[in-house]
Amino acid sequence: MRILLPNQGWLDKAAVISDGDFGKEGSATPNPWKLCTVTKVEELKMMIRILPIWATTIMFWCVHAQMITFSVQQAASMDRSIGKFQVPPASFNVFFIGGIMITLALYDSLIMKRSGGSKGIRSSLTNLQKIGVGLAISIIAMAAAAGMEQKRLKVIRSYKKTPTTTLPLTAFVLVPQFAIVGIAEAFIYSGSLAFYINQAPKGMKAISNSLFLTTIAFGYFVTTILVNLIKKITPGKDGIPWLASKINDSRLDYFYAVISVLGLINFGVYLVCAKRYKPNSSHGSAKDSDDVNASHDEERARDAEI
């Protein structure tokens, strides 16, 4: 017996009945490791379609990692005084968080309300557009960070003989890079989370939430790999790599530029993936997803009756 499925692929074989699928002695209960329902196969397909978008958001969290590591070290080497008060280096992340809060507030008040007041007109960004905007802004953030690091290095060269660990350059020049990454995260976070929840089938909503969290974890893992790789391949004639043990001996501007270029490449890949992506369930454009979700509800009802 062969079950005919729309858009059959190699995964459809899991729903095709063959000898041995029902266990021994003519059991009516199929072996779940050998035979799946059409619903489960289609749900898996829906999750697989999400993975390219998922993979292209990992790069943003590499950018995010710089704000809580190297950018804090930059601030620690600079003048952080406000009068007699010294601002702790880690406290500069308040500008990052502030960027998120202000962006979300402005988006909600200026765009969402305008969209809600226009009947039949959608002026707000889609989830994929939000992710794209966030990725584009993160590239700008790293380019700005590279430029600011060049300015900091010029001060180091000018005052290299000065017997002080604090550079005569205010750390508040780093505020733009913290704020811009915060703006990018506001779009990435809201867009990604809503995308995974909306596009996942009903039976896999919890997994879709987990997918979002794994992008953060993988972003930090990729950053660790990238840092170790840069340390190994970049030592020059003086033997000092771009990422030296002392922040003032490093070339963070080069490192930030590399991340910016990688982000640009990743953004191009994202645009291709987003253009080819077929929504699972969005404003009636994904009938297959609705059928799968309805089938899932029917299965639950049958299980309850049994």
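The following paragraphs describe the fold, the confidence, the nonpolar core and selected residue environments of a predicted model.

The secondary structure of the chain consists of nine helices and four strands. Read from the N terminus, these elements follow the order α-α-α-β-β-β-α-α-β-α-α-α-α. The chain has 306 residues, of which 40% count as buried. Among contacts with a separation of 6 or more, 74% are accounted for by residues 24 or more positions apart.

Confidence varies along the chain. The average pLDDT is 80, and 73% of the residues score at least 70. Over residues 1-8 the pLDDT is below 50, and this stretch has 15 contacts in the model beyond near neighbours in sequence. A second stretch, residues 282-306, also stays under 50 in pLDDT; for these residues the model has 24 contacts beyond four places in sequence. Of the elements of the chain, helix H9 (residues 287-305) has the lowest mean pLDDT, at 44, whereas helix H8 (residues 252-276) has the highest, at 95.

Helix H8 comprises 25 residues and spans 36 Å from its first C-alpha to its last, close to the 36 Å expected at 1.5 Å a residue. Its buried positions are Leu252, Asp253, Phe255, Tyr256, Ile259, Ser260, Gly263, Asn266, Phe267, Tyr270 and Ala274. An α-helix has 3.6 residues a turn, so residues three or four places apart point the same way. Buried residues of H8 including Leu252, Phe255, Ile259 and Gly263 may be read against this periodicity.

The largest nonpolar core contains 62 residues, and those with the most contacts inside it are Phe70, Phe255 and Tyr256. Helix H5 (residues 127-158) gives the most to this core, contributing 12 residues. Beyond its neighbours within four places in sequence, Phe70 is in contact with Val227, Leu243, Ile247, Leu252, Phe255 and Tyr256. Among these partners, Leu252, Phe255 and Tyr256 are buried residues of H8.

Tyr256 also appears in the environment of Gln177, a residue of helix H6. Not counting residues up to four places away in sequence, Gln177 touches Met67, Ser71, Gln74, Ala141, Ala145, Met148 and Tyr256. The side chain of Gln177 makes a polar contact with the side chain of Ser71, at 3.0 Å. Gln177 counts as buried because its relative accessible area, 2%, is under the 20% limit. Ala143, in helix H5, is separated from Gln177 by 34 residues in sequence and by 8.9 Å in space, C-alpha to C-alpha. With a relative accessibility of 43%, Ala143 falls between the limits of 20% and 50% and is therefore partly exposed.

Helix H6 (residues 175-199) also holds Leu193. Leu193 has a relative accessibility of 27% and so counts as partly exposed, a class that lies between 20% and 50%. Leaving aside neighbours within four places in sequence, Leu193 is in contact with Asn209 and Phe212. The C-alpha atoms of Leu193 and Ser208 are separated by 8.3 Å, the two residues being 15 residues apart along the chain.

Thr215 is placed in helix H7 (residues 205-233). With a relative accessible area of 1%, under the 20% limit, Thr215 is therefore classed as buried. Its contacts outside the four nearest places in sequence are with Trp54, Thr57, Ile58, Trp61 and Tyr196.

Glu43 belongs to helix H1 (residues 38-56). Glu43 has a relative accessibility of 6% and therefore counts as buried, this being under 20%. In sequence, Glu43 and Ala200 are 157 residues apart, while their C-alpha atoms are 7.9 Å apart in space.

Among the strands, S1 (residues 78-79) and S4 run parallel and are joined by two bridges. Met78 stands opposite Leu167 in S4. In a regular strand the side chains alternate between the two faces of the sheet. Strand S4 (residues 167-170) shows such an alternation: Leu167 and Leu169 point to one face and are buried, whereas Pro168 and Thr170 point to the other and are not.

Definitions and conventions:
Residues numbered from 1 in each chain as written. Heavy atoms only, no water. Core = buried A, V, L, I, M, F, W, Y, C linked by side-chain atoms within 4.5 Å. Buried < 20%, exposed > 50% of the residue type's maximum accessible area, 1.4 Å probe, protein only. Contact = heavy atoms within 4.5 Å. pLDDT = per-residue confidence, 0-100. Pairing = 2+ DSSP bridges. Polar contact = N/O pair within 3.5 Å; in protein donor to acceptor, adjacent residues only side chain to side chain. Expected span 1.5 Å × (residues − 1).
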